[in-house]
Amino acid sequence: MNATAAYQGPPELTLVRVFTEWTFDPVIALLLILLGAWYVLAMRRVRAAGGEWAVSRAVNFLGLGLGSAVLATMSFVGVYDGVLFWVRALQIITLLAITPMFLAGGAPFTLLLAALPEDRRARAERALRGRFARLLTFPPVGTVLLILTPWVLYFTPLYELVLRNGAADAAAKVAILAIGFLYFWARLQADPMPHEYPHLVSVGITFAEAIFDGALGLALIFMTHPIAASYYASLHRPWGPSVRMDHVIGGGVLWMVGDLAGLPFLGALFARMFRQDQKDAKAIDRELDAQAARERAAAPAVDGRAEEPEMMRPWWETDPVLSKRYGTGNGPD
C-alpha cells in the first residue's frame with residue numbers, strides 16, 4: 001500500500017479550502033451557545049430594567065470573542081488541527097491569547113452583576129472580591145499560567161495525548177480558554193476586581209510575556225527532533241510541508257501571532273489609561289471649582305459685596321528657580 005492510499009485525513013490544504021473547509025466541535029459549540037445565550041439574555045434584562053449596555057462590549061464578547069473561538073475550532077483550523085503542526089499552533093495561540101482577550105473586553109462579570117437581583121448581586125460581588133478571586137487576579141498567577149501552558153502542552157506527553165484522544169482534546173481547549181480569560185480579566189480590568197493594579201504593570205507584563213512567546217517559538221524552530229514526530233509520520237500525509245518544516249512553521253506561528261495578538265491588547269490598555277487620566281482630570285477640576293466656590297463664600301464683604309478671593313498664582317511664580325529668573329517672586333539668591 002502506498003503512502004497516498006494509507007492517508008486517511010482531510011484533502012490537501014489549499015487557499016480555497018482555507019475558506020470552504022468546516023467541521024463541527026460539539027463540546028466547544030455547546031459552550032459557545034451557552035455563553036452567547038446567557039450574554040444576550042443578561043443584556044436584554046439590563047436594558048429592560050432601564051439600564052444601558054455598551055454595544056462595543058457586546059461586539060467584543062459575541063462577535064470577536066465567540067466568533068474567533070468558532071474560527072479556531074470549526075473552520076479549516078479545526079479540520080486540519082490533527083494533521084498539521086502549524087495549524088494546531090494557530091489554534092492554541094488563538095484560544096489562549098486572542099479569544100479570551102475579546103471575551104474579557106466584553107466585561108461579562110459586570111454584566112452578570114447588572115443583571116442579578118440585588119440580594120444575589122451582593123453575594124456575587126463578595127465572591128468577585130473575595131480571597132480566592134484575589135489570588136486568581138494577583139498579577140504573577142495569571143501570567144505564570146499563561147506562559148507555562150504552551151510549554152507544558154508541547155514539552156510533555158500531553159500534546160500527543162491531545163492529538164490521539166478526543167476527550168483530552170476537548171478538555172485541553174476548554175482549559176486553554178479558561179487560563180487565557182483569567183489572564184486578561186486581571187490585565188484588562190474591565191470587570192470588578194478584588195484589587196486594581198496600575199495599567200503600567202500590565203504593560204510591563206505584556207512585554208515580558210512577548211519575550212517568552214519568542215523563546216517558545218525559537219525553541220520549537222530549532223529543535224532537532226520535532227514534537228510528536230512519530231504521530232505525524234504515521235499519518236503518511238502525501239501533501240504539504242515535511243514533518244520537520246511543518247514544525248518550523250508552527251514555531252514561527254506561535255512566535256509571530258503571539259506577538260501580534262499583544263498589539264490590540266496594548267491598544268486597549270493605553271485607551272483605558274487615557275480614559276482614566278481624563279476621569280482623574282475632571283475630578284481634579286471639580287475639586288478645584290468646589291474649592292474656589294468655598295473661598296468665594298467665605299470671603300469678607302467689602303462695601304456690601306463679597307471680596308473676590310485672591311486668584312491662584314501659576315505654579316511657575318512660586319517655583320524657587322523660575323521665580324528668581326523671571327522676577328515673579330522671591331527665589332533663592
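**A buried charge pair and what surrounds it**

Let's start with two side chains: D81 and K173 form a salt bridge, and their closest N and O atoms are 3.8 Å apart. This pair ties together distant parts of the chain, since D81 sits in the loop between α5 (76-80) and α6 while K173 belongs to helix α12, 92 residues apart. Keep in mind that you're looking at a predicted model.

Why can such side chains pair up at all? Side chains of opposite charge can pair when their charged atoms come close. Now, are D81 and K173 buried or exposed? D81 has a relative accessible area of 7%, and because buried means under 20%, D81 counts as buried. K173 is buried too, at 5% relative accessibility.

K173 has another partner as well. It forms a salt bridge with D169, with the closest N and O atoms 3.4 Å apart. Here both residues lie in helix α12, 4 residues apart, or about one turn of the helix. D169 is buried, just as K173 is. Zoom out a little and you'll find a network of salt bridges linking D25, D81, R88, D169 and K173.

For another view, take E160 and R164, whose salt bridge has its closest N and O atoms 2.9 Å apart. These two share helix α11 (residues 158-164) and are 4 residues apart, about one turn of the helix. E160 is partly exposed, with a relative accessible area of 24%, and R164 is exposed at 52%. In total, the structure holds 7 salt bridges.

Next, look for empty space. The whole structure has 3 cavities of 30 Å³ or more, and the second largest has a volume of about 70 Å³. Which residues line this second largest cavity? You'll meet R88, D169 and K173 again, among others including Q91, I92, L95 and L153. The elements giving two or more residues to this lining are α6 and α12 (166-188). Sorted by class, the lining has 6 nonpolar, 1 polar and 3 charged residues.

Finally, there's the greasy part. In soluble globular proteins, nonpolar side chains tend to be buried together. The largest nonpolar core here has 75 residues, and Y154, Y159, L220, I227 and Y232 are those with the most contacts inside it. Helix α6 (residues 85-105) supplies the largest share of this core, 14 residues. Try following Y159: leaving aside neighbours within four places in sequence, its contacts include F85, R88, I92, I227 and Y232. R88, you'll recall, is also part of the salt-bridge network, and both R88 and I92 help line the second largest cavity.

Conventions:
Residues numbered from 1 in each chain as written. Predicted model: local features only at pLDDT ≥ 70, side-chain atom pairs only at ≥ 80, totals over all residues. Heavy atoms only, no water. Core = buried A, V, L, I, M, F, W, Y, C linked by side-chain atoms within 4.5 Å. Buried < 20%, exposed > 50% of the residue type's maximum accessible area, 1.4 Å probe, protein only. Contact = heavy atoms within 4.5 Å. 1 Å grid on protein atoms, 1.4 Å probe; cavity = no way out; pocket = protein on both sides within 12 Å on 5 of 7 lines; lining within 4 Å. Points joined across faces, edges and corners; volume = space filled by probe spheres on them. Nonpolar A, V, L, I, M, F, W, Y, C, P; charged D, E, K, R; others polar. Salt bridge = Lys/Arg side-chain N within 4 Å of Asp/Glu carboxyl O.
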